[in-house]
Each structure stands twice: as C-alpha cells, then as structure tokens.
Amino acid sequence: SATKLREHFPQPLKKDLKSRAEFISRSLKEIHLCVIDELFEHDIALKILAEVKELHSSGIFQDGLLSGGKTASEDEEKFTEKKIRGDKITWLEGNEIHVPSIVKLIELVDSLVISCGELPDGLNGYFVEGRSKAMVACYPGNGTGYKRHVDNPDGDGRCLTVIYYLNQGWGEDVGGKLKIYRPDDSNNIHVEPVLNRLLLFWSDGRNPHEVLPAYFTRYAITIWYFDAEQRRRAKQLHKFETMRDLDVEFALSDVEAKRKE
Ligand SMILES: Cn1c(O)c(C(=O)NCC(=O)O)c(=O)c2ccccc21
Ligand SMILES: [Mn+2]
C-alpha cells in the first residue's frame, strides 16, 4: 500500500517546488509512480473538497457510465436490465472563477510538472508542453469502481497521469482503493484515496490500474500531461480520444509565465 511506499520513499520534508520535483522525478524513475501526502495545508484541501461537493450538488456531473465503463444509448438501456451507474465526471479548464481552490490545485500541479521537466532527465525523456482539462470524478458509493485499464495504451500523447484525492476520513471498510498492477502480481500497489494525497504515474502500460468497488462517495481530480512528440504523432495519425474533452490541450507556458511574475 502507499504507506509501504512511504517507507520506500520517505516524503520530502521540504515542500518547495524543487524538493518535491526531485522527489517526484526519482520516484517515477524508480517505481513508475509517486505518492505525495499533505500536498496542501489542511484548510486548503478542505476548500478544494467543498468546491467539488458544490459542483456535485449543482448537478453538473455528467451521468455516470454504466457499470463496465461503457455508455449506453437510450434504447439499449430500455431493453437491458437497469444497470447500476458508476463514475460521474465533469471537466474544468483551470481558469474558472467559481472554483478558486481547484484552480490553485491545477496551478500547483502544473508548476510541479514544469519543475520536474526542468531537472536533468526529470521526466524520463518526455518533454511536456501541455496538459488535458482537469477531470473531476465522483463514484456514487454503490459498489461501482472502474475496471482494470491502461490510461494510454496506444500512444495518444498522454505520458503522465496525476490524481488528487479528496476523501476525508477514508477507512479500509469503505473500499475504493486504486489497485495498480505490477508484472509480478505479488507486489501490486494499493493506493488509499485519502484527502490531500497526490498520486502521479506514467500513463502507459507500465501502470495498469483499477478502482476497486467503492462504498462511499469517492471524489478525485485527474489531470493528464502530454508528451509533445507523442502528441504530435497522435494528431498526425488522428488518434483522437473517444472523449472529446480529452482532446483539448492547454499549453503550460502561460502557467510558467504567471509563476515567474
Ligand atoms: C472516472 N475515471 C477514473 O476514475 C479513472 C481512473 O483510473 N481513476 C483512478 C482513481 O480514481 O483512483 C479513469 O482512468 C477514467 C478514464 C476516463 C473516464 C473516467 C475515468
Ligand atoms: Mn485510469
């Protein structure tokens, strides 16, 4: 579990960008993933959670996927037995004024990824210039999860997945861990989706993963970062995502300019 990981990689004591970037880069290089706890001061984490709950109660989350991770056309649904609905999502660009704390999260994650990119071979040879929208996800807690998958199995341009978890008071009994598979099944990794935890992992086949059945309202915010060269190739080959929202790319350059001012 992620606690075991902490023994493997003691969390950086200093919270400045450079120390965290060095920690992230080393962890990604050695175990293909990285867990950072207490990303924000506790009160900021609670503000982010409050904004996500506000989005949820506003009804903006698109209807959940049918269990098994596929959408159903209306008529199909009429004939098949009522399937239980799973994860619901909504997308943010990272400049919205109604969710200022979520925007702060997106800006910090952008800055961490930029700082990693500034380290020698900091991102394992990837060159990140852009990212996706931020996907805010909610699992309704009816035992649905997300079946085993690889985020980017076929070179669609995404090289790094970053997930921020928002589940206060999470305990083993409510499930919903993220299980990340390893070639030798005996050392699969289970990440507890606890409030204020940041998880980063390579989006390709190195990290098959699944969300185990969740019995609580499970919130997370995911951002994907694009490798410039892979993304260019994918566009050339018209490898667009099934979800249009994943096709939108935001340049990190303006984040950097803002950070430096
Ligand atoms: C809702 N949700 C997901 O939760 C994950 C995923 O892997 N989540 C891991 C996690 O939340 O720990 C996804 O990868 C995903 C991909 C497309 C659409 C929705 C998606
Ligand atoms: Mn995934």
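This report describes the overall make-up of a predicted model, its manganese site and the surroundings of R197.

## Overall architecture

The protein chain comprises 261 residues, of which 51% are buried. Its secondary structure consists of seven helices and 11 strands.

Among contacts in the protein chain with a separation of 6 or more, 81% join residues that lie 24 or more positions apart. The accessible surface of the chain amounts to about 12600 Å², and carbon and sulfur atoms contribute 55% of that area.

## Manganese site

The manganese ion (ligand 2) has three residues as its protein donors: H149 through NE2, D151 through OD and H209 through NE2. These donors lie 2.1 to 2.2 Å from the ion. Along the sequence, the donor residues follow the spacing H-x1-D-x57-H; H149 and D151 thus form the H-x1-D part of that pattern, and H209 is the final histidine.

D151 has a relative accessibility of 11%, and because the limit for a buried residue is under 20%, this donor counts as buried.

## Surroundings of R197

R197 belongs to strand β8, which covers residues 197-202. The relative accessibility of R197 is 3%, so this residue also counts as buried.

Leaving aside residues up to four places away in sequence, R197 touches A2, R6, V35, I36, D37, I163, Y164, Y165, V191 and E192. These contacts include the consecutive residues V35, I36 and D37, as well as the run I163, Y164 and Y165. The acidic residues D37 and E192 are also among the contacts of this arginine.

Note on methods:
Residues numbered from 1 in each chain as written. Chains lettered and ligands numbered in written order. Predicted model: local features only at pLDDT ≥ 70, side-chain atom pairs only at ≥ 80, totals over all residues. Heavy atoms only, no water. Helix = DSSP H or I, 4+ residues; strand = E, 2+ residues; numbered from the N terminus. Buried < 20%, exposed > 50% of the residue type's maximum accessible area, 1.4 Å probe, protein only. Contact = heavy atoms within 4.5 Å. Donors = N, O, S within 2.8 Å, 3.2 Å for Na, K, Ca; no water. Areas by Shrake-Rupley, 256 points an atom, 1.4 Å probe, with all protein chains shown as cover.
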